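Got the model open in your viewer? Set the cartoon to colour by chain, keep the selection box handy, and follow along.

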Amino acid sequence: MLLPELGYSWGEIRAGLDRVMVALVCALFALGIISIYSAGKGVRSSTVVFVVRQLVWGGVSAAVYVVILRVGYRNFVRLSFWLYAATFLCLIILDVRGIASKGAVRWFQFGNINFQPSELGKVSLILFMSRFCSRRPPENVKNLAAALAICGASVFMILLQPDLGSALVYIAIIFAILAVAGTPVKYLAWLALVGLCALPVLWKGMRAYQRLRLIVFLDPYIDPQGAGYNVIQSRIAVGSGGLWGKGFLQGTQGRLHFLPAPHTDFIFSVFAEEFGFIGGIIVITLFACLFWRILRGAFRTKDTRAKLLCIGVVAWLWFQLMESIAMSMGLAPITGLPMPLFSYGGSSLLMVVIALALAQSVAISPVRENFAHI
Amino acid sequence: MYKALDHFDFDHRLMYVRNIFIFSLLFLIAGLVYFQLVKADEYVELASRNRLRMIRLPSPRGNIYDASGVPLAVNVRTFEIRAYPMDIRRDEDYESTAGLFARHGIPMTSADLKERLEKQYVAPYRAISVIGNLTLAQVSDLVMDDEFSRRLFPSPVWRRIYPAEALAAHVVGHVGEITQKELEDQRDLYYQAGDIIGKNGVESMYEEQLRGTVGEQVVEVDSRGRRLRNVNYNDPQKGADLRLTLDLAAQREALRLMEGKKGVIVAMDVNDGSVKVLMSVPTFDPNPLTWGISARAWSALNDDPDKPMMNRATGGVYPPGSVFKVVTAAALLMEKTVDARTDVFCPGYFRVGTPARTFRCWRRSGHGRETIRSALRDSCDVFFYQNGVKLGIDKLIEWGHDFGVGEPTGVDITGEVSGTIAGRDWKRRNLKESWYQGDTVNYAIGQGYLLMTPLQLVRVYAAFANGGKLVVPRFNSAKKPEWKDVKVSKANMDIIRQGIRDAAANGTARAASGFGAEVAGKTGTAQNSHGEDHAWFVGYAPAANPKYVVAALVEGGGSGGSVAGPLVGRMLSYLLEHDK
C-alpha cells in the first residue's frame, strides 16, 4: 500500500527538517506539561498522574512523528480517500450506537484507551480535502457542491453525536481549504451567509446542557453556581494573573479547586493565572510562529495538495487555540475542545502531532529536486 | 496527473488566509490586555475574596397518599447547618465550632468535625453539611449564641418519612442520596451531588412529578466569609402530591393474613387495573434507608436470605403451576383442539414420546371422564397433558404472549421483571437440546420453562373476570386505565369462567369459599427445586359480576388449595365488605 519512493530517507529528513518548527512544538508541549503539573497540584488533592501520562503520550507521539516523516505526506494523501471513508464509517457506527444507547457516544473504548474518531477525522478530512480540491478545484458550483456534500456528511454525523465543538473545527478546516483552493469570493460569502442562517436550526437541535453553555456565555450571572460559575471563576483566574502572574504553583484559583477540569478544558486559565500577561503573550506568539513556519512550507512547495494540507492543519490548530483561550476569558462559550499541545489528553495530542508531522513532511519536500507529481 | 489551475494564484490566497489567522490572534491579546492589565486589580480582589456563596435550597417532595387519603410518604422539616470549606479550614475554626455545639448539648469533637467536613469536600465554594438532623428549637438556640459564626448557614432540610413503615414499602419505595452514576446519567442536569432522588417504587417512577423545583440562595460574604447580604433568593417549589390506588387498611389485613409466611398477596380492581393490595412478605421499613443507614444494617438487609427488599409481586418469578391452566384452556378452545363437549378419560397418568415417559395426574387414582369445564374444576392434569400435546407448544406460547406472559405488565413502579416463556429456540440456544413432547406436557400445566410474576397472573385472571381486557396495573389513581384486548371469544371465556367458578364452589379451589365472597378461582402448586413447593391461588369475586382479583403465593407453602386458598377468600371478602 505504502510506496517507499514517496517517503523520505534519513538523509533527506536531516537535510530538509524545519528545526525551528520542531523547537516551537517542543516549547509549547513543555509549557503544557508545566501547566498540567500545576493543575494537578491542588490544596486538597495532589496528583502527578496526568503529567506522567501526558509525558508517556508525548513519547508515543514523538515516535509517530518520526514514522510519519519517513512515510511522507504524499503516501497519506494518496490513501486519503480510504482514510476518509474509514473514519466516516467509524462515525456512522458511533452514531448508531449513540442512538441505541440514547446518549452521546464519542469514542470507542479499547481497554484503557478511548479512541475518538472525530479526532482522527480531522486528519483524514484535511488529507481528503487537499486531494479532492486540487483534483477538482472548487472554482465552479459543481466541484464546490461535491466537496461540500462529501465533507458536510461527516460534519452532520458529528453534530448527531452530538459534538458541536468538533463540528465547528471541521467547518473551519473545510472553509479554509476551500478558500485557498480557489473558491470564488462570491461563493465563499454565500457559504458564510448560509452558515449564519443555519444557526437557529442548530439551536433547535442542541441538547439541554449545550444550550445552557451558550446561555451562560451570554450572561454568566444567570447561573452562578453551575456552568456560569465556571466561566466567572475562569475569568477571575485569568484576570487575577495580572502582568507577571502569581508564579509557578502559586495560582489560587486552580489550587483551591475553583476551576473545573483545570487540566483539560481550562488549562489556559491555570497557565494565565500563574504566568500572567507575559506568559499569555509568549504562548500566543509561539503559536503564531508555529503557524507561520507551517505556512512557510506551504509557500515553498509547488504541490497544491501540500499547500492545502498546510492551511488545513493551521485552520484546525488556530480554531482550537482561539476557542480555548477565548473561553478561558469568557469570550467564547464552553465547548470542551482541547487547547492544542497544552490540554491533557493522549489522543488529541497524538492527532495534533500527526498533523504537525504531515506539515513538517511538506516542509522537507523541497529538498527533492524532482517534483514529479505521482 | 492532477489538473492545476494555471490561471489561479494559490499563494496569493494562502497569504490572505494566513494573515487573517495571524492577525485574529490579536483578538486574544486584546482580551488578555483587558482582563489582565486593565481589570487586573478587580480580579485580583475577586480572587482573594471569592465573595459569592451559593446555597441550594432543597424542595419538599410531593406527598404520597393511599386511596383514602392516608399519608404514605410525607416530609418533616429538620434543620442542618452548612458552611463552605473555604471558610472553615483552620484548626481553630474546627475547635470553636465544635465547642459551640458542645455548649448546646450536641456532642461533637473537633476531630469528628474535621473528618466529617473533609469527607464531603468537593470544591471550596460548595456548601457542605456541618451538622444535620436538628430541630427548630436546637437551631434557634444555636443561632442566638453570641459565638455563632456568620460563616455558618442554618437551612431547612426536608426529611422524607414513611408513616406506613413496612406496610407499603415495596409500592411506595424510598428516596436516598443521588449516586455518582445517577448524576452522570441524568438527562436534564437538574441534580447535584448530595441531592435526594427516588430510588425505587412510586418514588422513583414519578420522580419528576414528586421532586418539585429546588431553590437557590446567593449571599455575598465579606473577606472573612461572614454574611453581608442576600444577593438573590429563589423559593423552592414543592412537588406535586400523588394519590395511589393502594388501600392501606387492606394492606394491613394482607400482612395479618401472611403472618408467619413468606410470599405475596396482590389484589387488583378487575376493570380498571388499580392495584388495591400489594403485600410482599417479608417486608422492611424504608425509613432508615432514606436517612443514611449503617453499613452493617444495610448489608444485613441486603444479604438476608429471605430478601425482604425484593418486591415479590413484580420482581419475583415463579412457575405458575396449575393456575396457568386457564391460559392453556383458552388456547385449546380458541384453536379448536377441544370444544365444550370434548371429553378425555383420565386414568391417573399419561404416557407420551418414545421411549414413553409417564406423567402423573395429581390424583393418582384418576378422574374418569373429564370435559374442559370439569377438568378446570378438578384441576385434572391428564386432560391438559393430552390436549396440550395435540395443540403443540408453538400455539400454546403464542396464546401465552396474548395474555402478557413473558413481558412486563407496565405497572407504574420500578423494578418489574418479565418472567420467561421460553420455547424451542430458547432451549436450543441455552440447553443445546431440541424440544420434546414432554416439555409441552409440562407447559400445559404451567411447569417447565415457564416463569411468571404474581402481578402477571393477577392480570391474566382479571382478563377472564372482565370479559377480555388485559389491563395495565396501576398505582397512580390519576393515571388513565389502559388495556389491550385478548382474542378469546365470549363463549369460550364463559366456559373457562364456569370451570373456575365450579372449582371454587365444589372443586379443588373450595378452600377459598366460605368467607363471604362468592369466588371463582384456581389453585396451583409451583414445583420448587430448592425446597418445599410454592402454593398458589388466584381468584376473583363476586363470581357473577367480578370486582376484584386476588393472587396469593406462599413460598414453601406446599399444595395450593389449603394454604393459599383461604388467603384469597379472606382478602376478597375483606375488599368486598369494605367496598360500600
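Start by selecting E273(A), which is found in helix α14 of chain A, residues 267–300. Helices here are DSSP runs of H or I at least four residues long, strands are runs of E at least two long, and both are numbered from the N terminus. This is a predicted model, in which local features need pLDDT of at least 70 and side-chain atom pairs count only at pLDDT 80 or more, while totals for chains, interfaces and linings use all residues. Residues are numbered from 1 along each chain as its sequence is written, with chains lettered from A and ligands numbered from 1 in the order in which they are written.

E273(A) counts as buried because it has 36 C-beta neighbours inside 10 Å. The cut-offs: 20 or more other C-beta atoms within 10 Å of a residue's own make it buried, 12 or fewer make it exposed, and in between it is partly exposed, with C-beta atoms placed from the backbone. Now show what surrounds E273(A): leaving aside neighbours within four places in sequence, its contacts include A237(A), V238(A), G245(A), K246(A) and Q253(A). A contact means that the C-beta atoms, placed from the backbone, lie within 7 Å. V238(A) is 35 residues away from E273(A) in sequence, yet the C-alpha to C-alpha distance is 5.0 Å.

Stay in α14 of chain A and go to A298(A). A298(A) is buried too, because 26 C-beta neighbours fall inside 10 Å. Not counting residues up to four places away in sequence, A298(A) touches A306(A), K307(A), C310(A), I311(A), V362(A) and, from the other chain, L14(B). For a distance label, try A298(A) to A363(A): 65 residues apart in sequence, 7.3 Å apart C-alpha to C-alpha.

Next, select α15 (residues 304–328) and α16 (residues 346–364) of chain A, whose axes come within 10 Å and cross at roughly 145°. Axes are lines fitted to C-alpha atoms, for helices over the stretch in contact, and angles run from 0 to 180 degrees between N-to-C directions. On the α15(A) side the contact includes L309(A), C310(A), V313(A) and W316(A), and on the α16(A) side it includes V352(A), A355(A) and L358(A).

Zoom out to chain A as a whole: 16 helices and 2 strands. Buried residues account for 50% of its 374 residues. Of the chain A contacts between residues at least 6 apart in sequence, 74% join residues at least 24 apart.

Over to chain B, and an open sheet of 5 antiparallel strands in the order β12-β11-β23-β22-β21. Two strands pair if DSSP finds at least two bridges between them. At the edges sit β12 (275–281) and β21 (520–526) of chain B, each pairing on one side only. From one strand to the next the twist averages 10°. Pick out β11(B), residues 263–269: 6 bridges link it to β12(B) in the antiparallel sense. Across that pair, V266(B) stands opposite L278(B). Add helix α10(B), residues 248–257, which lies across β11(B) and β12(B) at about 35° to β12(B). Helix α21(B), residues 490–506, packs on the sheet too, touching β21(B) and β22(B) (534–541), its direction at about 75° to that of β21(B).

What has the most contacts inside the largest nonpolar core? I265(B), V266(B), V550(B) and M571(B) do, in a core of 124 residues. Such a core is a set of buried Ala, Val, Leu, Ile, Met, Phe, Trp, Tyr and Cys residues joined through C-beta atoms within 7 Å. Helix α20(B), residues 454–466, gives the most to this core, with 9 residues. Domain 1 (53–243) and domain 2 (248–577) of chain B both contribute, so the core lies between them; these bounds come from an automatic or database domain assignment. A second, separate core of 108 residues includes Y170(A), F291(A), L309(A) and L32(B).

For the last stop, select α19(B), residues 437–444: 6 of its 8 residues are buried, so the helix is largely enclosed by the rest of the structure. Those buried residues pack against elements including β14 and β15 of chain B. Strands β14(B) (349–352) and β15(B) (357–360) run antiparallel, joined by 4 bridges, and F350(B) stands opposite F359(B). In their hairpin, with 4 residues between the strands, G353(B) takes a positive phi near 85°. Just after α19(B) comes G446(B), also with a positive phi, near 80°.

Methods. Two residues are in contact if their C-beta atoms, placed from the backbone, lie within 7 Å.
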